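Let's take a walk through a protein model, one piece at a time. Have the sequence and the 3D view open while you read.

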Amino acid sequence: MRSIVRYVAVLRCVLVIVIVGAVCTLPQIAFAKPDFVAVFAKAYPLKGGGKISTAGCALCHAGGPPKLNPYGKDIQTALNTAHKRTLDGDILKAVESKDSDGDGAPNEGEIKSDTLPGVADSKPAGTPASTAAPKTAEAAPNPFALESFVKPKHGNHPVLVHFPIALFLIGFLFDVIGIKKRQPVLLTAGYYNLLVAAISSLPTIATGLLAWQWQFGGAPLESFLLYHLICGIVTSLLLFTLLGMRRKAQANPESGLSAGYWVLAALTL
Ligand code: HEC
């Protein structure tokens with residue numbers, strides 16, 4: 001009876017941690033997307049109802065976000081070069097002299113005459129025909145081609161990241177059901193899920209660190225990527241700590257898993 005009371009208390013504790021975590025994260029997600037349209041409108045006096053002001057997201061995106069048109073791509077390159085995450089006037093200035101869409105009219109001129117700097121068909125009247133081939137938004141790669149399979153667009157880190165998460169969650173579920181239904185075999189399943197979760201967190205961290213070096217040149221991280229890095233490493237440490245506690249508990253099975261184990265597991269969750 002006492003152990004049931006204890007587990008109910010621990011489950012309540014889990015619930016509180018999950019709710020507090022969700023409440024703390026939601027506002028960050030809601031405000032994470034910088035308003036690039038507003039930054040642009042502040043930098044340039046736009047004609048109300050004109051081509052650019054009615055384009056909205058299509059000023060930089062083609063076929064719907066997050067796919068970028070050539071102008072958006074140039075902005076993205078300028079952001080990466082400046083190691084910035086949010087758009088500002090300096091970034092917009094940096095791409096003014098470029099002719100992103102290759103239609104013969106530089107971006108600055110296009111914006112002044114209210115034509116789209118990322119769409120080759122849209123250019124100021126009287127622009128001489130460009131000799132260069134116009135650039136269009138990149139075609140979506142064929143997802144069934146062998147190359148797309150070997151070279152996924154976003155690398156393998158975002159794929160690997162799901163393994164420790166899913167394995168830990170399912171293992172935790174097995175543990176909770178195993179305790180409730182008094183089924184030791186489910187606790188064993190929980191243990192092996194935790195084991196593979198901990199091991200799979202290592203290549204996940206390794207590919208994440210490599211992506212940081214290769215994609216951002218190891219530039220100092222801020223905001224989400226920084227939280228992501230810290231939370232990733234802390235989660236891996238927690239997984240290995242839980243694994244160590246589990247192995248110790250296996251040495252003397254009659255004592256079971258301690259309340260400390262459950263609190264730590266809740267924190268990891
Ligand atoms: C002035 C150009 C510009 C405008 C206008 C713009 N975007 Fe973007 N957007 C970008 C760039 C550049 C990126 C890539 C940012 C990066 O790689 O860091 C991006 C990325 C995104 C992404 C990918 C995820 C992310 O947060 O990085 C989404 C989704 C997105 N934009 C949605 C929108 C929507 C919706 C609108 C219209 C309300 C919009 N964008 C308007 C330039 C723009």
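Before we look at any charged pairs, here's the term you'll need: a salt bridge is a side-chain nitrogen of Lys or Arg within 4 Å of a carboxyl oxygen of Asp or Glu. Keep in mind, too, that you're looking at a predicted model.

With that in hand, how many salt bridges does a search of the whole structure find? It turns up three, and here they are:

| Salt bridge | N to O distance | Relative accessible area |
|---|---|---|
| Lys84 and Asp88 | 2.8 Å | Lys84 27%, Asp88 23% |
| Glu108 and Lys112 | 3.5 Å | Glu108 33%, Lys112 69% |
| Arg246 and Asp175 | 2.8 Å | Arg246 5%, Asp175 3% |

In the pair Lys84 and Asp88, Lys84 is partly exposed, and Asp88 is partly exposed as well. Glu108 and Lys112 sit four residues apart in helix α6 (residues 107-112), so about one helical turn separates them. Glu108 counts as partly exposed, while Lys112 is exposed.

Now for Arg246 and Asp175: are they buried or exposed? Arg246 is buried, and Asp175 is buried too. Arg246 belongs to helix α11 and Asp175 to helix α9, so this pair ties together parts that are 71 residues apart in sequence.

Let's zoom out. The protein has twelve helices and zero strands. Of its 269 residues, 29% count as buried. Take the contacts between residues at least 6 apart in sequence: 56% of them join residues at least 24 apart. On the outside, the protein exposes about 16900 Å², and carbon and sulfur atoms supply 68% of that.

What about the inside? The largest nonpolar core has 20 residues, and those touching the most other members are Phe168, Phe172, Leu194, Leu239, Leu242, Tyr261 and Trp262. Two or more residues of this core come from each of α1 (2-30), α9, α10 (184-216), α11 (223-251) and α12 (259-268). Another core, of 16 residues, lies apart from it, and Ile52, Ala55, Cys60 and Val95 are among its members. In soluble globular proteins, nonpolar side chains tend to be buried together.

Have a look at Trp262 in particular. Which residues is Trp262 in contact with, leaving aside its neighbours within four places in sequence? They are Tyr7, Val10, Phe172, Asp175, Val176, Ile179 and Leu257. You've met Asp175 already, as the salt-bridge partner of Arg246.

There's another tryptophan to find: Trp212, in helix α10. With a relative accessible area of 21%, Trp212 is partly exposed. Again skipping neighbours within four places in sequence, Trp212 is in contact with Gly217, Gly218, Ala219, Leu221 and Leu229. From Trp212 to Leu225 is 13 residues in sequence and 9.2 Å in space, C-alpha to C-alpha.

Back to the surface. Val18, Ile165, Leu169, Ile170, Leu173, Ile177 and Leu269 make a nonpolar patch of about 560 Å². Helix α9 (residues 162-180) gives the most to this patch, with five residues. One residue of helix α9 is Ile170, which counts as partly exposed at 39% relative accessibility.

Finally, find the ligand with its iron atom. The iron has a single donor from the protein, the NE2 atom of His61, 2.0 Å away. And where is His61 found? Look in the loop between α3 (51-55) and α4 (70-81).

Notes: Residues are numbered from 1 along each chain as its sequence is written. This is a predicted model: local features need pLDDT of at least 70, side-chain atom pairs count only at pLDDT 80 or more; totals for chains, interfaces and linings use all residues. Side-chain values use heavy atoms; hydrogens and water are left out. Donors are N, O and S atoms within 2.8 Å of the metal (3.2 Å for Na, K and Ca); water is not among the atoms, so sites may look incomplete. Patches are made of residues with over 30% relative accessible area and no salt bridge: like charges are joined within 9 Å, nonpolar side chains (Val, Leu, Ile, Met, Phe, Trp, Tyr) within 5 Å. Accessible areas come from the Shrake-Rupley method with a 1.4 Å probe; for residues, only the protein chains shown count as cover. Buried means under 20% relative accessible area, exposed over 50%, partly exposed in between (1.4 Å probe, protein chains only). Contact means heavy atoms within 4.5 Å. A nonpolar core is a set of buried Ala, Val, Leu, Ile, Met, Phe, Trp, Tyr and Cys residues joined through side-chain atoms within 4.5 Å.
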